[in-house]
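Hi,

Here is the model I promised to pass on. Have a look at it first, and my notes on the cores and salt bridges follow below.

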Amino acid sequence: FNQFNPKVYFGNIFRSAYTLFCISVVAEYSQVGRPLAETQPAMLIFLFLFTFVTTFGIMNVIVGVIVESTLLASKSLTDDMHRANLEGQYHRLQRLCDVVFALDVKSDLTQEEFVECLEAHIVVLRGVTGPCPRNSVVHQPGTGASGRVFLDAGKDGARTVDVHVLVQSGHFDCRPVQVEGEWRGTPTAGGDIQSL
C-alpha cells in the first residue's frame, strides 16, 4: 500500500485508460483495488460497477461472436442439406423419366405395368438376337438368372434388340440367354446391361 503511486496508474488520461483496461480484464485488480479501498472507499462502488459492466460486456461480445458464427454455420449446413435433398429429388425424377421413356417406346404402357416395373427389378439386355416377344420367359443357364420379357425395344426387322427383363431370380450378366427355350444371343458386354 505504501508503494502505491497514483501517478503511475492515474497520472494522465492514457495511464488511467490503461489502468481501467487492466481492471476490466482483471489483470491488476489487487494492485489498484486495495489502495483505493484504503484511501477512497467510495471509489469501490465505481470500481465494482465498472468491472461488472466491462467484464460481462466483453463476455457478451465473445459469446455473441461465437453464437453468430455457429448460426451461420448451421444455416450453411441447412442450405447444403436442402440443396442435396433437391438434387436427390431431381435425380429420382430423372430416373423415373428414364424408366418411363425406356419402357414406353411403343406408347402402350399401362398403369398396372408401370406400377409393376417400379416394384420389380428390371435389367436391359442390349444386343440380344431378336425378336423376343413380351411375356416370354428368359433364362441364363450359366447364372441361373430368370425373368420375363417386359418390353422388346427393337424395331421391326432389327437383327438385335434391347430386351427389358423383369428379373424374377438371379443376376444377369454377359452370357448367352435363352428365350422360351431358344438361344437368343449374348447381351452386349460392359455397362450396357443396365438396371433401371
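Let me start with Arg175, which counts as partly exposed because its relative accessibility is 38% (partly exposed is what falls between buried, under 20% relative accessible area, and exposed, over 50%, with a 1.4 Å probe and protein chains only). Asp173 falls into that class too, at 22%. These two form a salt bridge, with the closest N and O atoms 3.1 Å apart; by that term I mean a side-chain nitrogen of Lys or Arg within 4 Å of a carboxyl oxygen of Asp or Glu.

Before going on, the usual small print: this is a predicted model, so local features need pLDDT of at least 70 and side-chain atom pairs count only at pLDDT 80 or more, while totals for chains, interfaces and linings use all residues. Residues are numbered from 1 along each chain as its sequence is written, and side-chain values use heavy atoms, leaving out hydrogens and water.

There are 3 salt bridges in the structure. Apart from the one above, look at helix H4 (residues 43-103), where Asp79 and Lys75 sit 4 residues apart, about one turn of the helix. (Helices, H or I with at least four residues, and strands, E with at least two, are DSSP runs numbered from the N terminus.) Their side chains meet at 3.3 Å, N to O. Lys75 is exposed at 51%, whereas Asp79 is partly exposed at 34%.

Also in H4, Asp80 and Arg83 are 3 residues apart, again about one helical turn, and their side chains make a salt bridge of 2.9 Å, N to O. Both ends are partly exposed: Asp80 has a relative accessible area of 38% and Arg83 one of 46%.

Now the inside. The largest nonpolar core (buried Ala, Val, Leu, Ile, Met, Phe, Trp, Tyr and Cys residues joined through side-chain atoms within 4.5 Å) has 14 residues, and those with the most contacts inside it are Leu125, Cys132, Val138, Val163, Val165 and Phe172. Strands E1 (121-129), E3 (145-152), E4 (160-169) and E5 (177-179) each give two or more residues to this core, and E4 has the largest share, with 4.

What does Val165 touch, leaving aside its neighbours within four places in sequence? Its contacts (heavy atoms within 4.5 Å) are His121, Ile122, Val123, Leu125, Val138, Gly147, Arg148, Phe150 and Phe172. A second, separate core has 6 residues, among them Ile23, Val32, Leu36 and Leu47.

Cheers
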